[in-house]
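Visitor: I am new to this structure and should be grateful for a close look at a single part of it. Would you please take me through the place where the chains meet, and then through what lies around it?

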Number of protein chains: 2
Amino acid sequence: MTAGMKPKPVSSAGARRTTISDVANALGMAKGTVSRALNGYSDISEGTRLRVQNMARQMDYRPLSHAQAIRTGRVRSLGLVLQTGEYDGHSPMLADFLAGIAHEVGTQGWTLTVGAATTMQDTLATLKSLSEERKADGFIIPRTYTNDPRVDLLRRLEIPFVLYGRTQDPQDCAWYDIHGGEAMSDAVARLVSFGHRRIAFINGGVEYYYSRLRLAGYYAGLDQEGMTRESALLRQGAVTEEQGEAAALELLHQDSPPTAIICAVDRAALGVFRALRRFGLTAGQEVSVIGYDGIAEGAFARPQLTTFAVDTYKAGNRLAHLLIARLLGSPVEGLRETDVAALVARDSDGPAKVTSEELAVILRQNSTQNT
Amino acid sequence: MTAGMKPKPVSSAGARRTTISDVANALGMAKGTVSRALNGYSDISEGTRLRVQNMARQMDYRPLSHAQAIRTGRVRSLGLVLQTGEYDGHSPMLADFLAGIAHEVGTQGWTLTVGAATTMQDTLATLKSLSEERKADGFIIPRTYTNDPRVDLLRRLEIPFVLYGRTQDPQDCAWYDIHGGEAMSDAVARLVSFGHRRIAFINGGVEYYYSRLRLAGYYAGLDQEGMTRESALLRQGAVTEEQGEAAALELLHQDSPPTAIICAVDRAALGVFRALRRFGLTAGQEVSVIGYDGIAEGAFARPQLTTFAVDTYKAGNRLAHLLIARLLGSPVEGLRETDVAALVARDSDGPAKVTSEELAVILRQNSTQNT
DNA sequence: ACCCTTGCCGAAACCGGTTTCGGAAATCAG
DNA sequence: CTGATTTCCGAAACCGGTTTCGGCAAGGGT
């Protein structure tokens, strides 16, 4: 094998892929040398490194990840375990999320491996087996809990991961998160500027860490405006339309009903629409409603939902990026990103047209007709 | 190494996985023998096969798929490339679909690798690279077109695949499909039995093969009832709420409006609701509406949508099953399953309360107020 | 008793990479 | 000019499996 061999011809019909050996003896070198040159070992001279890289590019050589994995143990794949229980209204964003991950992963030459589970127990087992079988080098953990058993598991197993959202104990954690709290306090400020004085908050699932942050944001917003916190204006654990509707009904049936309702989750906000409709009211008129998420249905609802939209595609994208960085050795402290949700002002909120007292009268009048 | 060695102790802290060599010399055999015993070679006696299998189970030996892949070229992974373009209303089912695939795949010891693309061009490139890099042994092709370039590509590359839905040329194709056509003709029959005489059909995207089948089903239903086909009662290409709403408005603005509307897609049916609401009408009263898909929103809509529900989880499940079978060597002809959609009778359809003529009058009256 | 199958398994090559090890050539110190 | 380092690369081992090949022993036919 002389060094002057010409690169292999354009792949004919039954062409085998070019292997590292092909590259090696096209260059007249040992395959070990080619490997080290390609992987940036320091004992390779700059000259040969270049020659190898050029030849590899010319011959369109791409190492097979599973062939590398046998020695390195790394398969260049990110894992994602979906927990699909009851309908929780979050699935609409899934497609974008996956697209975001898959795109980033694809351009880096990595892969996305997805598993599914129904219970947390099941999720943990799936995580364990996927990593034991080395189907994934690390995991993206979506929808983090305040106290997340998945985090505990992966920490114990020393398997890299990155969170979508944060968790109570940040040790060993990389994450991408949206400032949901900030959005909530912005919502309060916006509603106050519209003249609202009684602003309620319908929070999401209490087990998720995000609901803590959003509640804190709501409180911060109240504080900033010099308003007092009232438990009568707070409802927790609404993530579906029904739950949102039920929570809104509770809020509206009080003596001093809120003239504005902030929801931690868009779908709950759509439920609030329904509750209002029961009284013959429409969001954005007598009562303002602001949501959070930016689901597509919000734009199609009547009235169109004002919301703080999160870019789910981008989230997936950044998460993949961060996890790959972590797997490549970046220290976890540098892999923590937060972003802001973008206010999408539509029709479901606006200037206060009635006071709480006036609203109470209207509600009493109309409640006799319905329900 | 004697044959009587005891199995390795329960994995301690830094325990390596058990390899095939571990099993081999626990049994005092050559590793090649173990491999052949486990893979059902015929030159292994029944006795040793049993001994090997037992020992493997005892030692919890599971071969690493990427280690096998290096020789076999098969990684035991199914590929799925999502095409995420504009919001087409189909994403809600995605979570269930993935769960169905992932579950089947998981229990068989396989994996699901997902990619994403925005355009068809992109999808084809992704399919090609995923298979070239051997990230997937075969593909699940969702949302089949009448004439599907993905099928052409995979056929040409001789890569196994299975379709969710059918396509024009069945050569080399395995599939799982729902009898959408049957559902549509059932819908016609149901509406006729309710006394409806003018029944319209709002079809889905014309490029998909399913819309041909559903249209044919609608026609078959009409034929069976001795009704004539009228192009005035047919609209095509509605997959979103807006498109459904627009199509319904067109249908209702005619001189002889339909008293019942069948939609090939639930989301379009929800759009029809909105169109009716514009006229102060509600589905299930003056006009009956029947959808197809069984999306969760249908149950939450007011009125609740009568629809033919497809079990998306099951679809994913069966598709994974079929593809794995195909990859294991089953002839493609035996890998074609069809299932039926289940009628979920709710509130959006019912006995005809007005004739088309009466409806026309109502619509004319109300159209002056709205729009 | 002998040859020929057949059944069954060990040994070794192989898949496509990575990593270790050792030595030749080049560079440096004195 | 010599000896000691460095620099750089070839050779070979290795990763965890699969597959080929050949041979020993048991069984069958005559």
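Guide: In the contact between the two protein chains, 39 residues of chain A meet 39 residues of chain B. The model is a predicted one, and every value given here is computed from it. The area buried between chain A and chain B is about 3,300 Å², and carbon and sulfur atoms give 60% of that area. Three residues stand out on the side of chain A: A:His66, A:Glu133 and A:Phe300 supply 19% of the area that chain A buries against chain B, more than any other three residues.

The relation between the two chains may be considered next. Chain A is superposed on chain B by a rotation of 180 degrees with 0.1 Å of shift along its axis, and the RMSD is 0.1 Å. The two copies are therefore related as by a two-fold rotation axis. Both copies use the same surface, for 100% of the contact residues of chain A recur in chain B.

The protein also meets DNA, and strand C may be taken before strand D. Around DNA strand C there are 27 residues, of which A:Ile20, A:Lys31, A:Ser35, A:Tyr41 and B:Thr33 come nearest. Of the atoms of DNA strand C that come within 4 Å of the protein, sugar and phosphate account for 56%. Individual contacts with phosphate can be named. A polar backbone atom of A:Ile20 lies 2.6 Å from a phosphate oxygen of DNA strand C. For A:Ser35, a polar side-chain atom is 2.6 Å from a phosphate oxygen of this strand, while an N or O atom in the side chain of A:Gln68 is 2.7 Å from a phosphate oxygen of DNA strand C. The elements that give two or more residues to the surface near DNA strand C are α2 (31-38) and α4 (65-72) of chain A, together with α2 (31-38) and α4 (65-72) of chain B. The most comes from α4(A), with five residues. Sorted by class, this surface has 11 nonpolar, 10 polar and six charged residues.

DNA strand D is likewise surrounded by 27 residues, and the closest are A:Thr33, A:Thr48, B:Ile20, B:Ser35 and B:Tyr41. Sugar and phosphate make up 55% of the atoms of DNA strand D that come within 4 Å of the protein. Two contacts involve a sugar or linking oxygen of this strand: a polar side-chain atom of B:Tyr61 lies 2.9 Å from one, and a polar side-chain atom of A:Arg71 lies 3.4 Å from one. A base is also reached, as an N or O atom in the side chain of B:Arg71 is 3.1 Å from a base oxygen of DNA strand D. Here, too, α2 and α4 of chain A and α2 and α4 of chain B each supply at least two residues of the surface. The largest share of the surface near DNA strand D, five residues, comes from α4(B). By class, the surface near DNA strand D has 11 nonpolar, 10 polar and six charged residues.

One further residue of chain A may complete the view. A:Thr240 is found in the loop between β7 (234-235) and α10 (241-252). With a relative accessible area of 8%, under the limit of 20%, A:Thr240 counts as buried. The side chain of A:Thr240 is joined to that of A:Glu242 by a polar contact of 3.4 Å.

Key:
Residues numbered from 1 in each chain as written. Chains lettered and ligands numbered in written order. Predicted model: local features only at pLDDT ≥ 70, side-chain atom pairs only at ≥ 80, totals over all residues. Heavy atoms only, no water. Helix = DSSP H or I, 4+ residues; strand = E, 2+ residues; numbered from the N terminus. Buried < 20%, exposed > 50% of the residue type's maximum accessible area, 1.4 Å probe, protein only. Polar contact = N/O pair within 3.5 Å; in protein donor to acceptor, adjacent residues only side chain to side chain. Near = heavy atom within 4 Å. Nonpolar A, V, L, I, M, F, W, Y, C, P; charged D, E, K, R; others polar. Least-squares fit on C-alpha atoms with pLDDT ≥ 70 in both. Contact = heavy atoms within 4.5 Å. Buried area = accessible area lost by both parts, 1.4 Å probe.
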